[in-house]
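Work through the exercises below with the sequence and the 3D structure at hand. Each task is followed by a solution in steps.

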Amino acid sequence: MLIAAIRDLQWRKRRFLIAVVGTAFVFAMTLVLTGLANGFRVEATRTVDSFGVDYFLIQDDVAGPFLGSTPFDQNKVAAAAKLPGVQAAAPLVYIGATARDNGTFKTMNLFGAPTDGPGMPTMTEGRAPVKVDEVAVSSTLDHHLGDTLTIGPHQVTVVGIVANSTVLARQPNLFLTVAGAQRMAFDGKPVISSIGIRGNPQQILPGFHAVDRAGAIADMMRPLKVAVNAISIMAGLLWLVAALIVGSIIYMSALERTRDFAVFKAIGVPSRSVLAGLVLQAVIIALVSAVFGVALSALLGPMFPMRVDVPQGAYLLLPAVAVGIGLLASVAGLRRAISVDPALAFGGP
């Protein structure tokens with residue numbers, strides 16, 4: 001029966017090839033969508049990790065150190081530095097900004113931190129900003145050292161490059177000194193968005209609470225929650241489409257092989273063997289589609305304007321899901337094969 005199932009695949013190879021191509025494309029798009037949703041988190045995680053801080057001190061009743069922040073007086077940093085367990089405390093500033101770049105306006109994320117950190121990422125080219133009119137930019141902006149960038153009424157000079165530093169669906173990050181960021185965000189007032197803490201504070205300033213890196217990442221991801229959920233729903237629907245494609249092919253094969261199934265039953269072949277042949281066909285189609293889907297996703301991913309980071313777990317899960325889809329898709333054909341009357345084997349054409 002297994003040999004007969006494989007022979008049937010060879011006999012109807014054009015139809016099965018179409019099924020493989022269609023299912024592979026669905027699998028590829030599922031992987032890409034998974035990569036898009038994961039890319040948002042990868043961006044936020046890499047940005048937060050690049051600050052080199054363990055906790056962010058923010059005011060009570062404030063959602064987070066970035067998008068949920070409210071400014072407070074910078075003089076709280078000195079008090080935070082004296083807390084037990086604190087190795088270093090740094091003033092941090094965050095604001096979303098619109099900059100004019102090569103004649104077009106772009107939304108960017110502006111961070112202010114001490115030149116020597118904590119809070120200032122490692123430069124892959126150039127140096128960290130020292131003056132209020134200096135900036136380090138993400139390499140995704142395709143700027144060079146010495147270029148100028150206009151942010152509102154201010155012009156800043158690029159002195160450093162940070163590799164692939166983006167958040168919020170590939171919006172580039174800018175890094176300035178604390179004074180430079182305060183000039184941009186708060187008209188030069190000595191206020192900050194959070195206090196970056198390196199160490200493990202045993203006490204917290206009155207009126208403040210500590211947010212760890214995971215909380216900071218969640219704060220950065222908050223505006224994208226609806227988008228991530230929508231992408232996840234779309235990925236689930238694509239799994240269903242894949243099952244329908246494979247299921248329709250297997251069902252058509254079962255319809256065309258009605259006389260074959262009748263002959264098998266008439267000569268005493270167990271029903272489970274007949275069913276095993278259909279299951280084998282469905283699983284083969286799904287697994288071959290999964291292999292081509294992985295390759296196709298690698299080609300489609302770079303075409304998207306946003307970051308696509310397919311997690312390794314998705315690649316490992318895909319074969320298991322493909323087998324599950326194959327088993328699910330074979331149900332329609334199984335019902336047809338079971339209901340075949342062996343007497344058809346002795347009927348006319």
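**Exercise 1. A residue and its distant partners**

Task: Find which residues M29 touches, not counting residues up to four places away in sequence.

Solution. The model is a predicted one. Start by locating M29, which sits in helix α2. Next, list the contacts: M29 touches L238, L300 and F304 once residues up to four places away in sequence are set aside. Then take L238 from that list: M29 and L238 are 209 residues apart in sequence, yet their C-alpha atoms are 7.9 Å apart in space.

**Exercise 2. Two helices that cross**

Task: Describe how the axes of helix α2 and helix α5 cross, and state which residues meet.

Solution. Step one is the geometry. Helix α2 covers residues 13–50 and helix α5 covers residues 213–221; their axes come within 9 Å and cross at roughly 130°. Step two is to classify the angle. Angles over 145 degrees would count as roughly antiparallel, and 65 to 115 as roughly perpendicular; α2 and α5 are therefore oblique to each other. The hand of the crossing is right-handed.

Step three is the contact itself. From α2 come F40, R41, A44, T45, V48 and D49, and they meet R213, A216, I217, M220 and M221 of α5. Sorted by type, the residues of this contact are seven nonpolar, one polar and three charged.

**Exercise 3. A covered strand and its partners**

Task: Decide whether strand β6 is mostly covered or mostly open, and find the strands with which β6 pairs.

Solution. Begin with burial: in β6 (residues 134–138), five of five residues are buried, and the strand is mostly covered. Now look for partners. Strand β8 (residues 154–162) runs parallel to β6 and is joined to it by five bridges; in one of the pairs, E134 has T157 of β8 as its bridge partner. Strand β10 (residues 171–176) pairs with β6 in the antiparallel sense, over two bridges. There, A136 is matched with F175 of β10.

**Exercise 4. Following strand β7**

Task: Trace the pairing of β7 with β3 and with β8.

Solution. First, β3 (residues 86–101) and β7 (residues 148–151) are antiparallel and share two bridges. A99 stands opposite I151 of β7. Second, β7 is joined to β8 by four bridges, again in an antiparallel arrangement. Here I151 has H154 of β8 as its bridge partner. Third, consider the turn: β7 and β8 form a hairpin with two residues between them, and G152 in that turn has a positive phi of about 60°.

**Exercise 5. Backbone details in the loops**

Task: Find where D61 and D142 lie, and say whether each is buried or exposed.

Solution. D61 is in the loop between β1 (55–59) and β2 (72–73). Its phi is near 65°, a positive value in a residue other than glycine. Exposed means over 50% relative accessible area; D61, at 83% relative accessibility, therefore counts as exposed.

D142 belongs to the loop between β6 and β7. D142 is not a glycine, but has a positive phi of about 60°. With a relative accessibility of 61%, D142 counts as exposed.

**Exercise 6. A cis peptide bond**

Task: Which type of peptide bond joins G117 and P118?

Solution. Read omega, which is about -5°; the bond between G117 and P118 is cis. Then place P118, which lies in the loop between β4 (104–112) and β5 (125–126).

Methods: Residues numbered from 1 in each chain as written. Predicted model: local features only at pLDDT ≥ 70, side-chain atom pairs only at ≥ 80, totals over all residues. Heavy atoms only, no water. Axes fitted to C-alpha atoms, helices over the stretch in contact; angles between N-to-C directions. Parallel < 35°, antiparallel > 145°, perpendicular 65-115°, else oblique. Left-handed = near helix turned anticlockwise from the far one by under 90°. Contact = heavy atoms within 4.5 Å. Nonpolar A, V, L, I, M, F, W, Y, C, P; charged D, E, K, R; others polar. Buried < 20%, exposed > 50% of the residue type's maximum accessible area, 1.4 Å probe, protein only. Pairing = 2+ DSSP bridges.
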